[in-house]
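Welcome, and thank you for taking a look at this protein chain. Please keep the sequence and the 3D view side by side as you read.

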Amino acid sequence: MSDATRAPGPGDADPGELRPGRQFAGHVIEAEIGRGGMGVVYRARNVALERERALKVIAPALSADPGFRERFRRESRLAAQVEHPNVVPVHDAGEEEGRLYIAMRLVDGEDLRATVEREGALQPARVAALIAGVAEGLDAAHDRGLVHRDVKPSNILIESGRAGERAFLTDFGISRSVGSDSSLTSAKVFLGSVDYVAPEQVEGEAVDSRADVYALGGVAYFALTGQPPYRRDTDLAKLFAHANAVPPRPSDAAAELPAAVDDVIARAMAKKPGERYAAARDFASDLRAAVGGEPIAPAPKPVPAERSEATTSRIGLLRRHMGIAAAAGALVLAGAAA
């Protein structure tokens, strides 16, 4: 179940309730299946087609914002153009009773986060297969000029069928088109999950498809080890780690993993975008080879890149914050020792 379909929380915005049996936008509401900051997701039945759908109804406060409405319409159309077996398809989007909505396929399964929390670290071959599906879906979106910007375990749904498992990428709620000046959230607001966010997002730099590759590398680490890439006590510490720490080694948390897996994750989660895989499917291919004990081609020589003054300033700010926190901890320890 993705963040868009998680259980209600006390801090969530009130999106307005739709009771079971209520008709809304050509659908009959059957049950609420979760909510997030953007709105509520319902299990609903399309009246005309007699098909079950996942109906996401945007919170009233966002629906009333003119800028959000414009971006929602534009980017929901872009997301609907991504037709791929590993992307949850968008069937309809619009406005009803002053509220924006989007109707999607209802995936009969749970999300990757819930699966790992229930089962623990997954078998490497299974992880490689799931990541391969998500990678194909991501590249399809990238080919359309969309960057997801929030790839994480809770946005990957797993459905089981006769042919085995299939992974679906969902919730392009904060996606944006490459080169666009605006997205579904303000450019001044942090986008993404702190556990899987790429360094360039932390630093406020331009973001392209390689940010999704970084996040997918973090997702693979989580599935292989049962824990996020950088385990820290605070969000600030996690952001600092994404921007500065050495890429995590899965074998440190799961000793049975081949050393080649460390190299693949390190390349996917390289600090500089130019040192990462150019496409998600390239990462997935190397991950499958690594867990299977097959040889992996060496990474190409990275293209040198310099940080902008703005980037240096943001990293300096993070370092100062962390330095203050470290100094405070040292003082506490010194006092305890005295």
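What follows is a short tour, from the whole chain down to single residues.

This is a predicted model, in which local features need pLDDT of at least 70, side-chain atom pairs count only at pLDDT 80 or more, and totals for chains, interfaces and linings use all residues. Residues are numbered from 1 along each chain as its sequence is written, and side-chain values use heavy atoms, with hydrogens and water left out.

**The whole chain**

The secondary structure comes to 11 helices and 11 strands. Helices (H or I, at least four residues) and strands (E, at least two) are DSSP runs, numbered from the N terminus. Of the 338 residues in the protein chain, 48% are buried. Here buried means under 20% relative accessible area, exposed means over 50%, and partly exposed lies in between, using a 1.4 Å probe and protein chains only. Among contacts with a separation of 6 or more, 64% are between residues 24 or more positions apart; contact means heavy atoms within 4.5 Å.

**An open sheet and its hairpin**

Let us begin with the sheet. Six strands form it in the order 1-2-3-4-6-5, and the sheet is open with antiparallel pairing. Strand 1 (23–24) and strand 5 stand at the edges with a single partner strand each, so one side of each has no neighbour in the sheet. Two strands pair if DSSP finds at least two bridges between them. Strand 5 (residues 90–96) and strand 6 (residues 99–105) are antiparallel and share six bridges. Across this pair, Asp 92 stands opposite Ala 103, while Glu 96 has Arg 99 as its bridge partner. Two residues lie between the strands of this hairpin, and Glu 97 takes a positive phi near 55° there.

A second hairpin lies further along the chain. Strand 9 is joined to strand 10 through two residues, and the two strands pair in the antiparallel sense over six bridges. In this pair, Leu 157 stands opposite Phe 168 of strand 10.

**Helix 2**

How far apart are the end C-alpha atoms of helix 2? They are 21 Å apart, which agrees with the 21 Å that its 15 residues should span at 1.5 Å a residue; the expected span is 1.5 Å times one less than the number of residues. The residues buried in helix 2 are Phe 68, Arg 69, Arg 71, Phe 72, Glu 75, Ser 76 and Ala 79. Seen down the axis, these buried residues fall within an arc of 165°, so they line one face of helix 2. The arc is that of the directions from the helix axis to the C-beta atoms. Turned away from that buried side, the face with Pro 66, Glu 70 and Arg 77 is exposed.

**Helix 3**

In helix 3, Leu 112, Thr 115 and Val 116 are buried. They cover an arc of only 95° around the axis, which puts them on the same side of helix 3. The cover over these buried residues includes strand 7 (109–111), helix 4 (124–143), strand 9 and helix 6 (209–225). On the other side of helix 3, Glu 117 and Arg 118 are exposed. Just after helix 3 comes Gly 120, with a positive phi near 85°.

Glu 119 belongs to helix 3 (residues 112–119) and is partly exposed, with a relative accessible area of 39%. The C-alpha atoms of Glu 119 and Gly 226 are separated by 8.9 Å, although these residues are 107 residues apart along the chain.

**Polar pairs**

Some polar pairs are gathered in the table below. A polar contact is a pair of N or O atoms within 3.5 Å; within protein, one must be able to donate a hydrogen and the other to accept it, and residues adjacent in sequence count only if both atoms are side-chain atoms.

| Side chain | Partner | Distance |
|---|---|---|
| Asp 111, side-chain oxygen | Arg 113, backbone nitrogen | 3.0 Å |
| Asp 150, polar side-chain atom | Ser 193, backbone nitrogen | 3.1 Å |
| Glu 119, side chain | Arg 118, side chain | 3.3 Å |

Asp 111 caps the N-terminal end of helix 3. Asp 150 sits in the loop between strand 8 (146–147) and strand 9 (156–161), and is buried with a relative accessible area of 12%.

**One loop glycine**

Is Gly 293 buried or exposed? Gly 293 is exposed, at a relative accessible area of 64%. Its place is the loop between helix 10 (280–291) and helix 11 (309–337).
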